[in-house]
Amino acid sequence: MLSIRPSSAKSSGAKCTPNLLPCQIHHDGPVNASKRYWDPQRNKDGDPEVYFRGRKLEGRGVKLPEGYRGVVVKDTGKQIGSLEQKGNVERMSRREQESGDKDEEDEEESVGVMEEVGDFEEVVVWGHERIVGSDDEIVKGVEEWISLAETVGWQ
């Protein structure tokens, strides 16, 4: 389980636009990309277009549904334990005390703390030499699955 906390820095709430590229890059985090390597332009239809390492990519902006907000988070490396662990109170059965084991069902899951570093209202999904269609998993997830989950009552 994760807990998302607002950024402690004064620059919290920075607006950004995540770009989901059709490739795997072994890096997570911000990049100081120069305009030489990443400078998306609008084509004649108004869609984003860029050449990345010699390959043409075409983008599709996918807006989050009204009432939703996307966040960019970073791992703080901190954990929040269960309420029992916070108070240094441990309940153990007699068998557990004798064997030194705790039942798996009795173990409380710790909560990882993530810090919010930015937020967004739109994601750009890029495709190789074409704009991704409505059948793309990210596009479908944002445009269809969120409304389906609301319809069936999941929140």
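The protein chain exposes about 12,200 Å², and carbon and sulfur atoms supply 47% of that area. Accessible areas here come from the Shrake-Rupley method with a 1.4 Å probe, and for residues only the protein chains shown count as cover. Buried residues make up 23% of the 155 residues in the chain, where buried means under 20% relative accessible area, exposed means over 50%, and partly exposed covers what is in between (1.4 Å probe, protein chains only).

This is a predicted model, in which local features need pLDDT of at least 70 and side-chain atom pairs count only at pLDDT 80 or more, while totals for chains, interfaces and linings use all residues. Residues are numbered from 1 along each chain as its sequence is written, and side-chain values use heavy atoms, with hydrogens and water left out. As for pLDDT, the predictor's confidence in each residue on a scale from 0 to 100, the chain averages 79, and 78% of the residues score at least 70. Among the elements, strand β8 has the highest mean pLDDT, at 95, and helix α1 (residues 83–86) the lowest, at 44. Over residues 83–94 the pLDDT is below 50, and beyond near neighbours in sequence this stretch has 12 contacts in the model. Where pLDDT is low, the predicted coordinates should not be read in detail.

On to the fold itself. Three helices and eight strands make up the secondary structure, with helices (H or I, at least four residues) and strands (E, at least two) taken as DSSP runs and numbered from the N terminus. Read from that end, the order is β-β-β-β-β-β-α-α-β-β-α. Contact means heavy atoms within 4.5 Å. Of the contacts between residues at least 6 apart in sequence, 77% join residues at least 24 apart. Strand β7 (residues 111–120) offers an example in E115. This residue is buried, since its relative accessible area is 14%. Leaving aside neighbours within four places in sequence, E115 touches R5, P6, S7, S8, V72, V73, K74 and T76.

Next come the aromatic rings. Rings of Phe, Tyr and Trp (its six-membered ring) pair if their centres lie within 6.5 Å; planes under 30 degrees apart count as stacked, over 60 as edge-to-face and the rest as tilted. The structure holds two such pairs. In one, W38 and F52 meet edge-to-face, 5.8 Å centre to centre with 80° between the planes. This pair links distant parts of the chain, as W38 sits in the loop between β2 (19–20) and β3 (41–42) and F52 in strand β4 (residues 48–52), 14 residues apart. F52 is partly exposed, with a relative accessible area of 21%. W38 also pairs edge-to-face with W126, at 5.4 Å centre to centre and 75° between the planes. W126 belongs to strand β8 (residues 122–128) and W38 to the loop between β2 and β3, so this pair ties together parts that are 88 residues apart in sequence. Are W38 and W126 buried or exposed? Both are buried. Together, W38, F52 and W126 form one aromatic cluster.

Charged side chains add further links. A salt bridge is a side-chain nitrogen of Lys or Arg within 4 Å of a carboxyl oxygen of Asp or Glu, and a search of the whole structure finds nine of them. One of these joins E121 to K15, with the closest N and O atoms 3.7 Å apart. E121 lies in the loop between β7 and β8 and K15 in the loop between β1 (2–5) and β2, so parts that are 106 residues apart in sequence are tied together. E121 counts as exposed because its relative accessibility is 54%, and K15 is exposed at 60%.

R69 takes part in two of the bridges described here. Its bridge with E116 has the closest N and O atoms 2.9 Å apart, and links strand β7, home of E116, to the loop between β5 (55–63) and β6 (70–80), where R69 sits, 47 residues away. The bridge between R69 and D119 has its closest N and O atoms 3.3 Å apart. D119 lies in strand β7 and R69 in the loop between β5 and β6, so this pair ties together parts that are 50 residues apart in sequence. E116 counts as buried at 11% relative accessibility, and D119 is buried with a relative accessible area of 7%, whereas R69 is partly exposed at 47%. K15, R69, E116, D119 and E121 are linked in a network of salt bridges.
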